[in-house]
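Me: Hey, can you walk me through this one? I'd like to start with the charged side chains.

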Amino acid sequence: QVQLAESGGGSVQAGGSLRLSCVVSDDIWSIYCMAWFRQAPGKEREGVASSHYLGVDRNHADYADSVKGRFTISRDDAKNTLWLTMNSLKPEDTGVYYCAASRVAGYCSFASPNFPYWGQGTQVTVSS
């Protein structure tokens, strides 16, 4: 069983930055795919970014169009931590952010919330 714990959320003005972290209870080397999702009030959970191993690349990243160029997903193996660095935040980025993980190799996508392990979420609020 993998446990995930997010932190780093908060309230910022538009244009500001936040850095979310997700600490993994197990060796992050054993986690093939990790992703960030978010859920705004009254809306479905949507994928934001994913990271998986691809050859020697330990952080092959993909992003939703809505965050591309503003958000960066990364892994810190030494700290068993997944990061989401968010710059140029917009009010539409507001929501609860969740990290998710899967050990299943060969497939990694934030297009579907089909992950076996989830964190409890951290609130991000961006005011205009």
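Me: Which residues are linked in a network of salt bridges?
Reply: In this predicted model, the network takes in Arg-38, Glu-46, Arg-70 and Asp-93.

Me: How far apart are the closest N and O atoms of Glu-46 and Arg-38?
Reply: They're 2.7 Å apart, and the two residues form a salt bridge.

Me: And is Arg-38 buried or exposed?
Reply: Arg-38 counts as buried, because its relative accessibility is 6% and buried means under 20%. Its partner Glu-46 is partly exposed, at 36%.

Me: How many salt bridges does the count come to?
Reply: Six. One of them joins Arg-103 to Asp-26, with the closest N and O atoms 2.1 Å apart.

Me: Where do Arg-103 and Asp-26 sit in the chain?
Reply: Arg-103 is in the loop between strand 9 and strand 10, while Asp-26 is in the loop between strand 3 and strand 4. The pair links distant parts of the chain, 77 residues apart. Both are partly exposed: Arg-103 has a relative accessible area of 33%, and Asp-26 comes out at 29%.

Me: What about Arg-58, which residue does its side chain meet in a salt bridge?
Reply: That's Asp-77, at 2.7 Å from N to O. Arg-58 lies in strand 6 and Asp-77 in the loop between strand 7 and strand 8, so the pair ties together parts that are 19 residues apart in sequence.

Me: Why would side chains like that pair up at all?
Reply: In general, side chains of opposite charge can pair when their charged atoms come close.

Me: OK, new topic: the sheet. In what order do the four strands come?
Reply: The order is 1-3-8-7, in an open sheet with antiparallel pairing. Strands 1 and 7 stand at the edges with a single partner strand each, so one side of each has no neighbour in the sheet. From one strand to the next, the twist averages 15°.

Me: How many bridges join strand 7 to strand 8?
Reply: Six, and the two strands run antiparallel. As an example, Ser-74 has Trp-83 in strand 8 as its bridge partner.

Me: Last thing, the nonpolar core. How many residues are in the largest one?
Reply: It has 37. Among those with the most contacts inside it are Leu-4, Trp-36 and Tyr-97.

Me: Which strand gives the most to this core?
Reply: Strand 4, with five residues. Other elements giving two or more include strand 5, strand 9 and strand 11.

Terms used: Residues are numbered from 1 along each chain as its sequence is written. This is a predicted model: local features need pLDDT of at least 70, side-chain atom pairs count only at pLDDT 80 or more; totals for chains, interfaces and linings use all residues. Side-chain values use heavy atoms; hydrogens and water are left out. Two strands pair if DSSP finds at least two bridges between them. Axes are lines fitted to C-alpha atoms, for helices over the stretch in contact, and angles run from 0 to 180 degrees between N-to-C directions. A nonpolar core is a set of buried Ala, Val, Leu, Ile, Met, Phe, Trp, Tyr and Cys residues joined through side-chain atoms within 4.5 Å. Buried means under 20% relative accessible area, exposed over 50%, partly exposed in between (1.4 Å probe, protein chains only). A salt bridge is a side-chain nitrogen of Lys or Arg within 4 Å of a carboxyl oxygen of Asp or Glu.
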